[in-house]
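Subject: Structure handover

Dear colleague,

Here is the structure I said I would pass on. My notes on what was found follow below it.

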Amino acid sequence: MEKIVLPLTNGIGIYDKNKLCVSYIDYYGEKRIRGCSVKPYNKLFDSILLRGYIYFFLSLWLYFKVFMLQREVGDKNKPVSSAESLGFLSSYIMIIAGIIVAFLIGLLLLGVLPSFIFNQLFFSSSYYFRSFFIALLRFAIVCLLFIILKFCPFTKGLYSFNGAGNQLLSGKSENSRARAYPLNFLNFILNVFLISLFVVSLLAVNIHFIANFFINLAIILAIIPFCYEVLRAISLSKQPLFKTISLITNYLVCNKPNLTCQEIAMSVIIESSTFDSFEDFKKDKIPMSVLRAEMQMKLKGNEQAEESDIDWIIATILNKNRAEVKLIRYVTQKEYREIARACEKRAKGQPISSIFGFVDFYGVRLDVNRKVLSPRMETELLVDEALKKIREQELKEVLDLCTGSGAIAIAIAKYYPCKVSATDVSKGALSVAQNNAIKNGVKIDFILSDLFKGLKKNKKYDIIVSNPPYIKSEDIEKLDVEVKKYDPRIALDGGEDGLEFYRNIINDAPRHLNKKGWLFFEVGVNQAQTVKDLLQEGGFDDIEIVKDYNKIERIVYGRISKRNITKDRKKQNKV
């Protein structure tokens, strides 16, 4: 069954999966959400003969329910304020008054004006020509009236929320597609009215007052399922021509939604799709669905931001895990402000790790600042692969080159009892790494060193792990703001071709690896094959390439060969 979206002048309702939910702006300008369960009608929608009528009358009934949900404000034991009551009643009075005025104007424009114009233009003509002319004129007058209503203050909000509802139904978030879904409630009602008006005027049945009424009623009832099936077929069709035709009437009941309309629409879909039941209204709280909708809209402009960032921000500020966050219905005003501020920073490109000053990496929490590179999810794969080899061969001595925040070294030391050493050329980075090691209760030998230069000449390791800088120097300025602005350049710049550190490490690593020792790298996009070739040229074998979660070749590792060990010993003897 299709979702039914019901636009209001101050909000939007949605009926989906036997739940009715409405998100709206109350008398005080606050965003509110209400909802209730509705008797299921799914089986009835399977019938081609009935589903048009079900959609029509169910929508009308749901519209009434939506209005009543807005009326249920405040706590159950707290009376509704007179201001809220007056605001609600005034909206009803305006609606009723609008209906009465529209009826009187319609009676004048559609009943008297077409006949008057025809009599002025044509003194004598056939009955059928007269009926066709009047039908066409009435159709044009209604379309003109709806165009005028698009710019009226009272209906402008209604049409804007309908545009936001169309985005929900079409699954599109772009403003340009706001009128691209034909089977929305207002467009359906308008099509039923226009076609009924044209057909009734064209036939111009004139038998008896009672007979005329029932014949015209039968015509309207026949048009309801016809309009539903046509609009439904167009909505499901992938033919651009049909979509374009449907835009003609859709244009009359839609305006381009502003940011608020989109947030309200998004919040109602989040609420109805996330929760199976609805809680009582809490006036001093902000619904989580409203908060999430606002955050999603703010992060839309940042291409690097992901939907999971919202969960991380909320979970961090509320001091909950991500699973618990899914169950939270409301936040306090203070929590809302803190989350909103963090979201604004993320929307400007600031990484989450920089916003909060720490990052969770491979089960450990690490403090980070601008002196170190914030560890990425891909680097967890490097740790994972290295730990597999360490456990498999019971390796004892581990060296982490270019340690930065100490993420790789600390994660390895945390999950396997081995001796771990870590180097970095930056004193500031080593200070951060040492503090992180202490906080996570692991012992690591940190060494201030430019790669191998600060190590003892005879010191050897079973495995060397490194995530060195691998960005080309000329590409640094092309990086995203969250990288080039918040990560240190020294941790990014990999030289002219991005491979400078790999060459240096591969060249010197054999002198610091034990027999059958391993060298593990994280590499940049499209660098894996080149690094593999460098390892082969450097005397490594058993070389493997591992893809990350996005199917990108990310990890390259190999084992030092006997040929390389013999070659290295000869060099040492000459020295």
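Glu-229 is partly exposed, with a relative accessible area of 23%. Please keep in mind that this is a predicted model, and that the values here are computed from it.

Glu-229 is the acidic half of a salt bridge with Arg-51, in which the closest N and O atoms are 2.7 Å apart. Arg-51 belongs to helix α1 and Glu-229 to helix α6 (residues 209-236), so the pair ties together parts that are 178 residues apart in sequence. Unlike its partly exposed partner, Arg-51 counts as buried, at 10% relative accessibility.

Other salt bridges

The search of the whole structure gives 18 salt bridges. Side chains of opposite charge can pair when their charged atoms come close. Apart from the bridge above, two more pairs and one network are worth listing.

- Asp-508 and Arg-511 form a salt bridge, with 2.6 Å between the closest N and O atoms. Both ends are partly exposed: Asp-508 has 22% relative accessibility and Arg-511 has a relative accessible area of 28%.
- Lys-31, Glu-263 and Glu-294 are joined into one network by salt bridges that share partners.
- Glu-392 and Lys-389 form a salt bridge whose closest N and O atoms are 4.0 Å apart. The two are three residues apart in helix α14 (residues 377-393), and therefore separated by about one helical turn. Glu-392 is exposed, with a relative accessible area of 56%, whereas Lys-389 counts as buried at 11% relative accessibility.

Charges over rings

Lys-389 has a second contact to report: it lies over the face of Trp-518, at 4.3 Å from the ring centre. Lys-150 is placed over the face of Tyr-251, also at 4.3 Å from the ring centre.

Aromatic pairs

There are 15 aromatic pairs in the whole structure. In one of them, the rings of Phe-56 and Phe-188 have centres 6.1 Å apart and planes at 75°, so this pair is edge-to-face. The pair links distant parts of the chain: Phe-56 is in helix α1 (residues 51-71) and Phe-188 in helix α5 (residues 185-203), 132 residues apart. Both rings belong to buried residues, with a relative accessible area of 14% for Phe-56 and 0% for Phe-188.

Trp-518, the residue under Lys-389, pairs with Phe-520. Their ring centres are 6.5 Å apart and their planes stand at 55°, so the pair is tilted. Trp-518 and Phe-520 are both buried.

Ring pairs also build a cluster, made up of Tyr-55, Phe-56, Phe-57, Phe-188 and Tyr-228. The edge-to-face pair of Phe-56 and Phe-188 is thus part of that cluster.

Helix α19

Which residues of helix α19 are buried? In this helix (residues 528-537) they are Ala-528, Val-531, Leu-534 and Leu-535. These residues cover an arc of only 120° around the axis, which puts them on the same side of α19. What do they pack against? Their partners are α18 (500-508), β13 (513-522), β14 (540-547) and β15 (553-560). After α19 comes Gly-539, which has a positive phi, near 95°.

A buried proline

Pro-257 sits in the loop between α7 (240-252) and α8 (259-274). Pro-257 is buried, with a relative accessible area of 3%. From Pro-257 to Leu-158 the C-alpha distance is 9.9 Å, while the two are 99 residues apart in sequence.

Confidence

The protein chain has a mean pLDDT of 81, and 79% of its residues reach 70 or more. Two stretches call for caution. Over residues 74-86 the pLDDT stays under 50, and the model has 15 contacts there beyond four places in sequence. Residues 173-178 also have pLDDT below 50, and for this stretch the model shows 15 contacts beyond near neighbours in sequence. Where pLDDT is low, the predicted coordinates should not be read in detail.

Regards

Terms used. Residues numbered from 1 in each chain as written. Predicted model: local features only at pLDDT ≥ 70, side-chain atom pairs only at ≥ 80, totals over all residues. Heavy atoms only, no water. Buried < 20%, exposed > 50% of the residue type's maximum accessible area, 1.4 Å probe, protein only. Helix = DSSP H or I, 4+ residues; strand = E, 2+ residues; numbered from the N terminus. Arc of directions from axis to C-beta. Contact = heavy atoms within 4.5 Å. pLDDT = per-residue confidence, 0-100. Phe/Tyr/Trp six-rings, centres within 6.5 Å; stacked < 30°, edge-to-face > 60°. Lys NZ or Arg CZ within 6 Å of the ring centre and 35° of its normal. Salt bridge = Lys/Arg side-chain N within 4 Å of Asp/Glu carboxyl O.
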